[in-house]
Amino acid sequence: MTGGRRKVALVGAGGRMGQEIAEILHSDPVLSLGAAIESEESRLIGLPVTSAPDLVYDADLARGAMHCDVGIDFSSPEGLRRSVEGFVAAKKPLVIGTTGLTQEDRDFVREMGSHIPILWSPNMSLGVNLLAILAGQAARALGEFDAEILEIHHRHKKDAPSGTALFLGEAVASARNGALSQSGVFVRHGLTGEREPGSIGVMALRGGDVPGDHTVFFLGSGERLELTHRAESREVFARGAVRAAAFLLGRPTGFYTMADVLLSGEAEDR
Ligand SMILES: NC(=O)c1ccc[n+]([C@@H]2O[C@H](COP(=O)([O-])OP(=O)(O)OC[C@H]3O[C@@H](n4cnc5c(N)ncnc54)[C@H](OP(=O)(O)O)[C@@H]3O)[C@@H](O)[C@H]2O)c1
């Protein structure tokens, strides 16, 4: 089932998320897998893609970007700039789900929105993006409450805290007219002293095969509010990424987020 469908160059195609996205593209009505890109060192290079056996894993990102209509990157922060430059050179839109980016990386991605349509979101799920909105509202309404964020992910996750926890922390901080870079507390160990008023704790647990749990706590005197999102599987992120790629086709250059996809009314299940 590929006839007439637009082609996706998938960077990090052999990873946990890459395989999930390839599986969804197999039966998507709009998009199909056109190139499965992996790093040069990958043992997968030259092997067939399970969900698209006519394709093999390839390290030639420039060729994949040129040959396809849109890119999706779920790889690693180390290779991200090279990936973005490849899609900019090919003048093709790009969806990025990779997390663990530095502030410089994020600024770079945003700037590349002046060349191509580009969307970065640390979490492609509908629920988490709504959670960020609700957390911002709660942060404003419960100004005296202490805000803390806890996330849990599988044992293989390479960055901490998760990009989503940082995204939620930024939503809380900006609702209180601040920045997480100023108010965030990422480690507590030893004689920490009393909690700094206005600080936002962001803490990470790791273990098992948890796809991603996030709770934003608002802790007051005698009461607490907990807003929790639990991803039951990676499929929810993969579906969001495919939806975002379809959204970018034909859009003007610019930097987009998942909120743009959700607000466009194109957020219905594919
Ligand atoms: N936005 C979201 O909704 C969302 C949801 C889940 C995960 N994520 C993020 O997505 C990223 C991938 O997660 P994952 O769990 O799928 O990780 P993973 O299983 O480690 O997969 C990453 C894949 O990318 C490959 N890769 C690394 N550098 C590359 C490069 N320069 N060019 C091409 N391929 C490269 C890796 O190959 P090797 O193994 O050979 O290095 C691996 O196959 C992480 O940053 C994660 O936090 C985002």
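**Exercise 1. Is Asn177 buried or exposed in this predicted model, and what is notable about its backbone?**

Solution. Begin with the position of the residue: Asn177 belongs to the loop that joins α6 to α7 (180–183). Next, consider its surroundings, where 7 other C-beta atoms are found within 10 Å, so Asn177 is exposed, given that a residue with 12 or fewer such atoms falls in that class. Finally, turn to the backbone: phi of Asn177 is near 60 degrees, which is a positive value in a residue other than glycine.

**Exercise 2. Apply the reasoning to Lys91, and state in which loop Lys91 lies.**

Solution. The loop in question runs between α3 (77–90) and β6 (94–96). Lys91 has 11 C-beta neighbours inside 10 Å and therefore counts as exposed. Its phi is near 55 degrees, a positive value in a residue other than glycine.

**Exercise 3. Describe the open sheet, giving its strand order and the strands that stand at its edges.**

Solution. The five strands are arranged in the order β9-β10-β8-β11-β12, and their pairing is mixed. At the edges stand β9 (184–185) and β12 (224–230), each of which has a single partner strand, so that one side of each is left without a neighbour in the sheet. Within the sheet, β8 and strand β11 (residues 213–219) run antiparallel and are joined by seven bridges, and Ala147 stands opposite Phe218 in β11. The helices can then be added: α5 packs on the sheet through contacts with β8, β11 and β12, and its direction makes about 165 degrees with that of β12. Helix α6 (residues 163–175) also packs on the sheet, touching β8, β9, β10 (200–206) and β11, with its direction at about 165 degrees to that of β10. In the loop between β8 and α6 lies Pro161, and the peptide bond from Ala160 to Pro161 is cis, with omega near -10 degrees.

**Exercise 4. Locate Leu142 and determine which residues it contacts beyond its neighbours within four places in sequence.**

Solution. Leu142 is placed in the loop between α5 (126–141) and β8 (146–153). Because 16 other C-beta atoms lie within 10 Å, Leu142 is partly exposed. Once the neighbours within four places in sequence are set aside, Leu142 is in contact with Phe218, Gly220 and Leu225. Phe247, by comparison, lies 105 residues from Leu142 in sequence and 35 Å from it in space, C-alpha to C-alpha.

**Exercise 5. Identify the residues of the largest nonpolar core that touch the most other members, and the helix that supplies the largest share of this core.**

Solution. The core holds 48 residues, of which Val8, Leu10, Ile21, Ala241, Ala244 and Ala245 touch the most other members. Its largest share, eight residues, is supplied by helix α8 (residues 235–248). Taking Ala244 as an example, and not counting residues up to four places away in sequence, one finds that it touches Val95, Leu119, Met124, Met258 and Val261. Another core, of 19 residues, lies apart from this one, and includes Ala135, Ala171, Val172 and Ala173.

**Exercise 6. Characterise the shell of residues around the ligand by number and by kind.**

Solution. The ligand is surrounded by 25 residues, the closest being Gly12, Gly15, Met17, Gly79 and Gly97. By kind, the shell divides into seven nonpolar, 15 polar and three charged residues. Helix α1 (residues 16–26) contributes the largest share of this shell, namely three residues.

Methods
Residues numbered from 1 in each chain as written. Predicted model: local features only at pLDDT ≥ 70, side-chain atom pairs only at ≥ 80, totals over all residues. Core = buried A, V, L, I, M, F, W, Y, C linked by C-beta atoms within 7 Å. Buried ≥ 20, exposed ≤ 12 C-beta atoms within 10 Å, placed from the backbone. Helix = DSSP H or I, 4+ residues; strand = E, 2+ residues; numbered from the N terminus. Contact = placed C-beta atoms within 7 Å. Near = placed C-beta within 6 Å. Nonpolar A, V, L, I, M, F, W, Y, C, P; charged D, E, K, R; others polar. Pairing = 2+ DSSP bridges. Axes fitted to C-alpha atoms, helices over the stretch in contact; angles between N-to-C directions.
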